[in-house]
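Please work through the following exercises with the sequence and the coordinates open beside you. Each task is followed by a solution that proceeds step by step.

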Amino acid sequence: MGIEYWIWLQQVLGYGNSAVGRVISQYGNAESFYKAPDSEKIARCHLSKNQIAKLHKVPRKEIAKIIKDSNSLGINIITPEDSTYPERLLNIPDPPAVLYVKGSRYDFNGNPTVAIVGPRKISDYGAGCGRVIANTLAACGFTVVSGGAVGGDSAAHNGAIEAGGYTIGVLGCGIEADYLKVNAKLRETITNYGCLVSEYPPFCGATRGSFPQRNRIMSGLSNGIVVLEGSIKSGTLITARHAAEQGRDVFVIPGSPTLPQYEGSNRLIADGARPLLNVNDIINEYRYIYPDKIHSPVRKTPVNISVKPQLEEGKEDVITETVGPGEQRVCAKLDKAMLSDDAIEVLKVFEAFSDCFTSDDAIENSQLSAGTVLGAVTELEICGFIEALPGGRYRLK
């Protein structure tokens, strides 16, 4: 499939460059571009001076080493000519010329996919929302995409893995780069439940610009993205911007306007992003597009948590909810099997109240710590079992 020509093209044009899209549009593949006269390449693909200078300066031995390293490390090299190349990425302005993929399985086409993004220094509430949303979506058949870093990324990947679901980590460096050692174990686990993806050769290090470039791939792979939280200068907003430019749906968890970590994410809502009040908002958005892929939560064997029972065979997996005169929407049926053990215990406490209740009620009437209760309340709210009221109160839905 001319892998060496695509790697050459990647090295000439650079990463995250729209010239790759022009090459695909004008020539169809990298080999045809390589063999065309230089004057023609420059004119038809609007190459920069830096790109022109590199046309004949990429050593063949460098390309051969990349291929050899990838083969020895079990990394697959995918190009736009491969049937496994993500179709969604072909539709963005700056598709990667090469993707390096490592994992037990990968299927980028035909599945509902949502990217979940948040800052590295994320609040406990934001991390809890990320884990619960990812866990529920993965259990419903969604692929969960994130960036393999600490904070919001880790919450998303771990939530999907706990559900036994499929998750993709998109890296801002080579898959084998010596970077962010604290998350090395998580990245290894991701390869057992999905795959790692990078447009950088295996040992390529991270740079200041590589992560913003990486973000376009995260959103490009997905139907939509979820923003957990983000300050006005957060890199999370870069992914949201890419998503909007690529025509992807942007869901944002609203936060208090008095908290700086929500200043950027609330601004996204003001600019037209969709406030995410319930994980069913996402499920409803894509259920009709992927009727054979999305189902009510069915748990596979999770990692480091107790096994949840699967839904009974033939059990109805949807309910209809009237939202207006003559209008209904389909929702995933609420089932306690989708909840963690802590959330189930807190829900039992809440079910004893005939009216509204607070987190303090659960703390006083359970054996759980305050932090555990707050996490469980977040899970119940995101999963649609309770709804928030003014004054820090809740009620059953």
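The exercises below concern a predicted model, and they go from the whole chain to its sheets, its cores and one histidine.

**Exercise 1. The chain as a whole**

Task: Describe the secondary structure of the protein, its burial and its contacts.

Solution: Begin with the secondary structure, which comes to 17 helices and 14 strands. Next, turn to burial, where buried residues make up 54% of the 397 residues in the protein. Then take the surface, of which the protein exposes about 17800 Å², with carbon and sulfur atoms supplying 50% of that area. Finally, consider the contacts between residues at least 6 apart in sequence, of which 70% join residues at least 24 apart.

**Exercise 2. The surroundings of β4**

Task: Determine which strands pair with β4, in what sense they do so, and how the chain passes between them.

Solution: Start from the pairing with β3, which is parallel and extends over three bridges, with T113 standing opposite T143 of β4. Between these two strands the chain runs from β3 through α8 to β4, and the β-α-β crossover that results is right-handed. Continue to β5 (residues 166-170), with which β4 pairs in the parallel sense over four bridges; here T143 stands opposite Y166. The chain passes from β4 through α9 to β5, again as a β-α-β crossover that is right-handed. As a last step, inspect the two faces of β4 (residues 143-146): T143 and V145 on one side, and V144 and S146 on the other, are all buried, and both faces are therefore covered.

**Exercise 3. A sheet of three strands**

Task: Establish the strand order of the open sheet that contains β12, β13 and β14, and say which strands stand at its edges.

Solution: The order is β12-β14-β13, and the pairing is antiparallel. Because β12 (357-358) and β13 (386-389) each have a single partner strand, they stand at the edges, and one side of each is left without a neighbour in the sheet. Looking at one pairing in detail, β12 and β14 (residues 393-396) are joined in the antiparallel sense over two bridges, where Y394 in β14 is the bridge partner of F357.

**Exercise 4. The nonpolar cores**

Task: Identify which residues have the most contacts inside the largest nonpolar core, and which elements contribute to that core.

Solution: The largest nonpolar core has 46 residues, and I133 and I282 are those with the most contacts inside it. Two or more residues each are given to this core by β3 (113-117), α8 (124-139), α9 (152-162), α14 (280-287), α15 (341-351) and α17 (370-382), and the largest share, seven residues, comes from α8. Now follow I282 outwards: leaving aside residues up to four places away in sequence, it touches V114, I133, L137, F142, V226, F251 and L276. Apart from this core lies another, of 32 residues, including W8, L9, L47 and I175.

**Exercise 5. The setting of H242**

Task: Decide whether H242 is buried or exposed, and find which residues it touches.

Solution: First locate H242, which lies in helix α12 (residues 236-245). Its relative accessibility is 13%, and since buried means under 20%, H242 counts as buried. Then list its neighbours: not counting residues up to four places away in sequence, H242 touches P212, N215, R216 and S219. For P212 the arrangement can be given in atomic terms, as its backbone oxygen lies 3.4 Å from a polar atom of the H242 side chain.

Definitions and conventions. Residues are numbered from 1 along each chain as its sequence is written. This is a predicted model: local features need pLDDT of at least 70, side-chain atom pairs count only at pLDDT 80 or more; totals for chains, interfaces and linings use all residues. Side-chain values use heavy atoms; hydrogens and water are left out. A nonpolar core is a set of buried Ala, Val, Leu, Ile, Met, Phe, Trp, Tyr and Cys residues joined through side-chain atoms within 4.5 Å. Buried means under 20% relative accessible area, exposed over 50%, partly exposed in between (1.4 Å probe, protein chains only). Contact means heavy atoms within 4.5 Å. A polar contact is a pair of N or O atoms within 3.5 Å; within protein, one must be able to donate a hydrogen and the other to accept it, and residues adjacent in sequence count only if both atoms are side-chain atoms. Accessible areas come from the Shrake-Rupley method with a 1.4 Å probe; for residues, only the protein chains shown count as cover. Two strands pair if DSSP finds at least two bridges between them. A crossover is right-handed if, with the strands pointing away from the viewer, the path from the first strand over the helix to the second runs clockwise.
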